[in-house]
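I opened my notebook today to look up a few backbone details, and I wanted to write down each one with care. The structure I worked from is shown below.

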Amino acid sequence: MRDVWIAGADMTRVGRLDQPLQDLMAVAAHAALRDADRERPDAIVVTTMNPEEFLGDANFASNVATHMGFANVPVIRVETASSSGAAAFYAGFAQIAAGLARTVVVVGGEKMTHLPTPKVSELIGRSLDPYERSYGTTMPAFAALVTRALMAKRGVTEREIAQVAVKNHAHGARNPLAHFREEITLDMVLASRMVADPLRLYHCCPISDGAAAVVLTAERSTVRVAGVGQGTDSLGLRHRESLTSFRATQEAASAAFAMAGFGPERVDVAEIHDAFAPFEIVSLEDVGLFPVGKAGAATLDGETALDGRLPINTSGGLKARGHPLAATGLAQIVECVWQLTWRAPRRQVRCSVALAQSIGGPGTNNWVTILEAG
Amino acid sequence: MRWCPRHPIEMTPTSVMGGGEVVTFTTLLSPPAGFKSPLHIALVDLIGGARLVCHGDKTQGLRIGSWVAIEAVGNVYYFSHLGTLDRARLFWRRAGRAGERMSAIAQSLAKRAWKGRSRGET
């Protein structure tokens, strides 16, 4: 297997954006190519979670490549629900590692804010098990079922969960591309309206538009891909062995660290999938960055803040940077690249190893990517 | 569902009791189109091993580990919380309206559970 390097990375602002999705993705991809000082890739990997239903567009790989001015470059589309960005990164990584291409652009994006919120919830909810969905289970309901178990079985407290949102908003306030740039307080989170008991509005990530891209290359560059791992699990919550951890994240982490040849102790900074605030606590433990049962208290103690022992979600995370579905996995990697190459002003931390973790659907297709400064 | 989610083995239907223990639950206050708020949802471990997602009238007083009866209304399964008093009535069959209600639930338990097979969810 050949070494794979990241030569360029960039993304659009995240939030309510007016441009068509194809434009947003082309802008991100061209910016990443400029960053990599490359004119033309050998191949393109495109990812959007659901352009068929959000936009009414299909054949989206060719659609985006044509829009970018690369109609004659080989292009494929990859999709694993909300972790699609990470899955697309893996597809590009595999092409270079196998020697099939020398330069690959991976670009992800989503556009959802033009639709009413109940419609967006329903479309995102289609990634859940059809039987469980027939009982009105949505992603927030799924997250609430997990959170209730987490609080009862693991002793995770409301304040620990709320602090995840407070911290990530504080980080987002320092990121000019973040959807939310206002700080919030613990009291604001605890007083926000209940969405799915025990989850409140400020525990949930927003509905966002945005696009992100990276350029992968076989030639030595500033950031090396040290490891990529995938983990999977059953669609239905009722078939899970555990509700207080995601098996798919644990498998992904163990595969990624095995490829990297080192363990979680070398990770200096991480982007974690906090679509719902309690998921950050579960994921930190699933990845092995904190011992089981310790991540909540560590969050409350400030260990995961910018000036803490292990800064988590320096971008603001899904909570504050925003969650444009298929862009998210790549936006996490863009933040890791910026941190590793000292290009994260106002939120820069000392680091040589960065990790990104992404959850697909109700934890059915999860990814861990480990990057190392070259 | 025809095959076991973790092994490509065809499943065979079985009957279980229409009652069990709450694994987790929530009250959804922003339910999707077609459902009324508040929407009470529970994941229940049925006596006999299967788990299912069902609706309920309320989650007040409900805890993880609470015992609930499961009843089918049409094609939809509902849980009802069995408090200490309810359980006492269920077992001792005391007179009174509440007691009658609970014994009716008890009679329907095994019968209703059969319907789980026809939906392929047990």
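Does A:Trp342 count as buried or exposed? I kept in mind that this is a predicted model, and I found that A:Trp342 has a relative accessibility of 51%. Because exposed means over 50%, A:Trp342 counts as exposed.

I then looked up where A:Trp342 sits, and I placed this residue in chain A, in the loop that runs between α14 (328-340) and β10 (353-358). Its backbone caught my attention too, since the phi of A:Trp342 is near 60°, which is a positive value in a residue other than glycine. I noted for comparison that most residues other than glycine have a negative phi.

My next entry concerns A:Arg346, which I also found in the loop between α14 and β10 of chain A. The phi of A:Arg346 is positive as well, near 70°, and A:Arg346 is not a glycine. I looked up its relative accessibility, which is 55%, so A:Arg346 counts as exposed.

After that I turned to peptide bonds, reminding myself that most of them are trans. In chain A, I found a cis peptide bond between A:Asp197 and A:Pro198, with omega about 5°. A:Pro198 belongs to the loop between β5 (194-196) and β6 (199-200) of chain A.

Which two residues does a cis peptide bond join in chain B? I wrote down B:Ser37 and B:Pro38, with an omega of about -5°. When I traced the position of B:Pro38, I came to the loop of chain B that lies between β1 (19-28) and β2 (39-46).

Technical notes
Residues are numbered from 1 along each chain as its sequence is written. Chains are lettered from A and ligands numbered from 1 in the order in which they are written. This is a predicted model: local features need pLDDT of at least 70, side-chain atom pairs count only at pLDDT 80 or more; totals for chains, interfaces and linings use all residues. Side-chain values use heavy atoms; hydrogens and water are left out. Helices (H or I, at least four residues) and strands (E, at least two) are DSSP runs, numbered from the N terminus. Buried means under 20% relative accessible area, exposed over 50%, partly exposed in between (1.4 Å probe, protein chains only).
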